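Open the model in your viewer and keep the selection panel within reach. We will go from stop to stop, and at each one you will hear what to select and what is there.

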Amino acid sequence: MTSSLSPPAITPSYDFNSPQLPFILHRLECCKSMEELKQIHACIIKARPLQTQLVLDKFLSCALSTLGSLDYAQSFFSQIRNPNLYAYNAVIRGFSRSKNPMQSLLFYGEMLEKGFCPDNFTIPFLLKACAELRTLREGEGIHSQSIKNGLVWDVYVRNTLMRMYAVCGVTGAAQKLFDESCHRDLVSWTTLIQGYVENGFPGQAIQVFLEMSMTKLKADGKTMVIVLSACSELGDLDLCRKIHSYIQDNKVYLDLFVENALVDMYLKCGDIDSACRLFNSMPKKNVVSWNSMILGLTQQGEFKEALLVFRSMQRDGAEPDDVTLVGVLNSCANLGVLELGKWVHAYVDRKGIRADGFIGNALVDMYAKCGSIDQAFGVFKNMQHRDVYSYTSMIAGLAMHGEGERALDLFSEMSRVGMKPDEVTFIGILTACSHVGLVEEGRQYFEDMSRVYKLKPQIEHYGCMVDLLGRAGFISEAEEFIRKMPIEPDAFVWGALLGACRIHGKVELGERIMKKLVEIEPEKDGTFVLMSNIYASANRWRDAVKVRKAMKERKMKKIPGCSLIELNGMVHEFRKGDKSHPKTKEIYKMLDEIMSRLRQEGYVAHTMSALLDVAEEEKEHALCHHSERLAIAFGLISTSPGTPLRIVKNLRVCSDCHSVTKFISKVFRREIIVRDRNRFHHFRGGSCSCKDFW
DNA sequence: ATAGGGTTAG
């Protein structure tokens, strides 16, 4: 009986004969607004025949998951007269899927107080909530309750227990449950495999999968997606092909998820051709398919290809998301193509996406690597949430631009706001010190790294220190530093010292280091180039030539110098002595003009860097056609006076090109920004931001 | 009525 003063009550029944029932269920399925839900609520109260378990369950889950209104669901529940276990389970499930899974556990407490016992449905809902909350304590409590109730033998209970343990990082407990079970289904195997992948044991995951393939069970798409992600992480191409054959042999249905995971796997394992073939054969693609290609190519260093895929994505009319944009920005950063990077920034603004988080960090990195350090700083300052990545990108950016002091200021700001630096932050800091010759500060930071911040220096940090000391002329200290290193010095560490030998003309030490380097990486040309540079600087031309000859005899492939310049969104690429550009004639005419203007201004070529034992005139000629000069000449004839030129070079700038560029910046009144392998050079009015310290 | 799905940086 319902009095007019108390709220109307709902009495659930198991009567499924009401003709209105399918209609109300359909309305609940489609319900998207609170208004609509309230109307349905009224209908249910008015019509007793609608008060069935199924309707109440659907009503609660709609209120909880679709509309997220926990209060409303609870007040609805309180109207149910004598709620049974089914009704409690419905609420617990609803809460476990909601934004506030804790409610699920609290509500379970109420249920126990009312004298109800959990059943094989209650436990999986609760465990899902525990997994969501990463609360091992509560999870273990439910584990012991399910043992007491004998529910632990239920395969659903067991699988959700395994999932809960895996999510909480206790793969051992998941494995134990798995080993002890007498009935394992595909979900049990998949859950165990996933647990290993998510906790950083992809090898173990594959082991478990191989074990499973010995049983009668056949994997489905969901299992394969996880197995494929384990393969990507391992980067083992042979294994990839085996797993791919398993999919074909067992006729696992290739849905979009599996196809995307396959594309991702092939790219991460470096088989770009297979990835492209698969991708092109896909009948339907979603944004993740495109993202897998773009990010995968970026990670493989195929930046131009990544941008080409982005263009076809746009032609295809697919809408990019933030992951796409991060990949595109990353490629822009690596290629140094500012125009496209700016376009992405404008796109982000237009879409009303905040330049924060991933996107913000990618923008900071892009602007810094494209030479617009001020823009990078602007984005950085506007970010609401700055994390270690943001600070590290900014610090590394400033370091690259030779703004050592500003980088160090930012580092102090980091500790002021309580942001803990990590290993990569210190690479930025040490590089900053190195580029501006702040030796004392560098030593201090290196020490603080382990003493104050409890971070273990890695080989890269030792490399930075050798560079810092050697570059500043503390050669014997650098040698001593290498001797005392707790880890075996690698090619980068020795390379840094060899670089110092070039700057400071240390021929004998250079020879010793060269011997070591040739042992460590005999195929690398950089060592030989540096050594012949060292000889040349000491005017030992004969030796310089000998090294060059040795290179030729070893049939070493030299990395060809290459410079990029971006004009109106088009990337122009020049190699040394390149004559393939449509404007070659004009470019070389401009080069001649540059050289004669420079000679009038008193320029003398640094022929020693030409490293060729040929007539002086020829040496100068060879230098003239270094790729960056072609790019600069092309920039000069293609832009209006005063436009800054931005060049990206794959190798270090040679000292002759460095002084030529200084001259050009003065004579032609152009700001020229060159990014070389190591850092940025801002040329303006005849001098360079690196203050010739590079 | 219940459990397992791919891509995100310095």
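**Stop 1: the annotated repeats**

Select residues 84–118: the end C-alpha atoms lie 11 Å apart, and the span is 71% helix and 0% strand. Helices here are DSSP runs of H or I with at least four residues, strands are runs of E with at least two, and both are numbered from the N terminus. This is a predicted model, in which local features need pLDDT of at least 70 and side-chain atom pairs count only at pLDDT 80 or more, while totals for chains, interfaces and linings use all residues. Residues are numbered from 1 along each chain as its sequence is written, chains are lettered from A and ligands numbered from 1 in the order in which they are written, and side-chain values use heavy atoms, leaving out hydrogens and water.

Next, select residues 185–219, with 74% helix, 0% strand and end C-alpha atoms 10 Å apart. In an unreviewed entry, UniProt lists both spans under "repeat: PPR", along with 255–285, 286–320 and 387–421. Those positions follow the numbering used here, the feature names are shortened, and annotations may be inferred rather than shown by experiment.

**Stop 2: around DNA strand B**

Now show the residues near DNA strand B (a heavy atom within 4 Å of it). There are 46 of them, and Phe257, Asn260, Val288, Asn361 and Asp422 come nearest. Which helix gives the largest share of this surface? Select helix α11 (residues 186–198), which supplies five residues. On the DNA side, 33% of the strand B atoms within 4 Å of the protein belong to sugar or phosphate, and the rest to bases.

Zoom in on three polar contacts (pairs of N or O atoms within 3.5 Å):

- Asn120: a backbone N or O atom is 3.0 Å from a base oxygen of strand B.
- Asn159: a side-chain N or O atom is 3.1 Å from a base nitrogen of strand B.
- Asn330: a side-chain N or O atom is 3.5 Å from a sugar or linking oxygen of strand B.

**Stop 3: strand β1 and its partners**

Finally, select β1 (residues 562–567), where six of six residues are buried (under 20% relative accessible area, 1.4 Å probe, protein chains only). Cys562, Leu564 and Glu566 are on one side, with Ser563, Ile565 and Leu567 on the other.

Add β2 (residues 570–575), which runs antiparallel to β1 and is joined to it by six bridges; strands pair if DSSP finds at least two. Leu567 stands opposite Met570. In the hairpin of β1 and β2, Asn568 takes a positive phi near 50 degrees.

Then add β3 (residues 645–649), antiparallel to β1 with three bridges. Here Ser563 stands opposite Lys649.

Methods: A polar contact is a pair of N or O atoms within 3.5 Å; within protein, one must be able to donate a hydrogen and the other to accept it, and residues adjacent in sequence count only if both atoms are side-chain atoms. Buried means under 20% relative accessible area, exposed over 50%, partly exposed in between (1.4 Å probe, protein chains only).
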